[in-house]
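Hi,

Here is the structure I promised to pass along. Have a look, and my notes on the strands follow below.

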Amino acid sequence: MKTSIATVSIAGTLTEKLDAIAAAGFDGIEIFEQDFVTHDGGPREVGRMIRDHGLEITLFQPFRDFECLPEPYRTKAFDRAKHKFDTMAELGTDMMLICSSVHPRSLGGIDRAADDLSELGEIARERGLKVGYEALAWGRHVDDHRDAWEIVRRADHPNIGLILDSFHTLGRGIDPETIRSIPGDKVFFVQLADAPKIDMDLLYWSRHFRNMPGEGDLEVKRFMQAVRATGYAGPISLEIFNDQFRGGDPARIAADGYRSLVVLLDDVRRAEPDTGAPRLPARVETGGIAFAEFASRGEEADTLARAFASLGFTRSARHRNKAVDLWTQGDIRLIVNREEEGHAATSWNARGTCVCDIGLSVGSAADAVTRAEGLRLEPFSQPLGPGEMAIPAIRGLSGSVMHLLDDGLSTVWEREFVPEDSGDRGAGMTHVDHIAQTMSYDEMLGWTLFYLSLFDMTKSPMVDVIDPDGVVRSQAVESRTGTGLRVTLNGAETHRTLAGRFLADTFGASVQHVALATDDIFATAEACAARGFEPLPIPGNYYADLAARVDLPDAVIERMRAANILYDHDGAAGFFQFYSRALPGGIFIEVVQREPGYRGYGAPNAPFRIAAQKRLARTKGMPAR
């Protein structure tokens, strides 16, 4: 099926939009009338420019307030349509969208609407054009695709067909299964959009909060399954109205849109086998974080090493060829890379100390790479030294790297590292619970899509994290099993928040903190304290409030106070956590203990943690260096 996107979906001038859409891999565009009108070239020039980008114009839209008008409005509507037909001929497109009328003088009536469309269809036939009719969710008389189909059916004209839009169907809660009974040859065009579930006016919701399939909460997959069951084989197009996208990077948003369509169509092929075999390997299962690599140098690298030692880590090995140290505890691997060449060096030069590389345990590295290539994700490689293994990798957030390790690649530690043994038995930490990635708010939807499209993961509802100087949006994605890979995505809207300051100070480093799991947080805290670890200090007010809110023994709360441990309870299970102070690069370490069944991340404690971190940070307004 051909892929298409409405030019209204992304930011920029028409030329910038075409550059981004073509680079993303789309076959065509819906040209939104406003984008055409505001361009300084005529329709022939615009059509030629679009084709020069390797794109076709799949649809000209929108044509509003046409059907069921009394005179003299009816005659004027037909005159407008003829003028648009002339423009379409010069542009080089053969299909126009008519959306159901919201005109205050519209009379309504299915037969009246059908007669108007039939008459218009004859004019279109004479010019070799087609007209698609779409039910707006807020249409004055027609707001349901079933009514729009009945109008098209009664119009009974070969040049008049139905346009289906997932938002208009799903936003009104209409069962998409009703689409299956519509003949596929009468569906002229299909538009897709997702959206978060928000209880608000339909028009406002549609105009400001649509997003790519997979980024919202609507059943777009079920909608598309029903469409494919009709036999429809025409273009699948994105029509997205979103305030973030209007101000975002056109290339990134177009790439996200293309990826969302590839994933959706592949999912439909799996769910509806009669529509074709899947073209990609299935989403990849992840076993969690195999390693976290820190790029650092000099005293900052030494500070990191001392911090890791105070947390019970042992420098268990050194790389055979490089200035790279491996610190381990349980199944946790933290790497400190002091190299002056390669990716880590580039990351250090750009951002200072940062997490430059995350290794993910996956079921099949080969399948992960094949799926990533199909999604047009950017691969990563760099020259190998003597005896080094070729481990597949892709680019992640802010130019960071994700290496993909399966069982066949897990021997890298023995092959590339020389072991050391200090005899330290650690502080009881077992594995990486989750990582927290920080980004600008307008990147969150795209990075949520990244994880959900490549890996077998689910997302949690977005929550607001209150910072003393603003709000940070946070959304967690995790392996479908509830174990394995967990990532919290934190979107900063202002540099005044802790997350925003981290982005500004590090020029966009991706990982702000790494959370490590333990089975006994009190024993771990004591073991770390014995090694000289200094936790983030939490004020006594927190524990006085906690004692009034939760049913914990006084002795437990006193132990928590002494160790600066925080607590959350989701109604079914509890969660303990404590934090390190800020490490070089603004990174910090979290230690957590999950009671069985707890699925959160201690979000209610975030305001207290952030306030404590800000008390220890530099004075507001002072530069980082």
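A few ground rules before the details. This is a predicted model, where local features need pLDDT of at least 70 and side-chain atom pairs count only at pLDDT 80 or more, while totals for chains, interfaces and linings use all residues. Residues are numbered from 1 along each chain as its sequence is written, and side-chain values use heavy atoms, with hydrogens and water left out.

First, the barrel. 8 strands close up in the order S1-S2-S3-S4-S5-S6-S7-S8, with parallel pairing (strands are DSSP E runs of at least two residues, helices H or I runs of at least four, both numbered from the N terminus; two strands pair if DSSP finds at least two bridges between them). On average, neighbouring strands of this sheet are turned by 30° against each other, direction ignored. Within the barrel, S6 (160-165) and S7 (187-192) are parallel partners over 4 bridges, and Leu164 has Val190 in S7 as its bridge partner.

Then there is S11 (324-329), with 5 of its 6 residues buried (under 20% relative accessible area, 1.4 Å probe, protein chains only). On one side, S11 pairs with S10 (314-319) in the antiparallel sense over 4 bridges, and Ala317 is bridged to Leu326 of S11. These two strands, S10 and S11, make a hairpin with 4 residues between them. S11 is also joined to S12 (332-337), again antiparallel, by 6 bridges, with Asn337 in S12 as the bridge partner of Val324. The S11 and S12 hairpin has 2 residues between the strands, and Gly330 there takes a positive phi near 55°.

Cheers

Key. Buried < 20%, exposed > 50% of the residue type's maximum accessible area, 1.4 Å probe, protein only. Axes fitted to C-alpha atoms, helices over the stretch in contact; angles between N-to-C directions.
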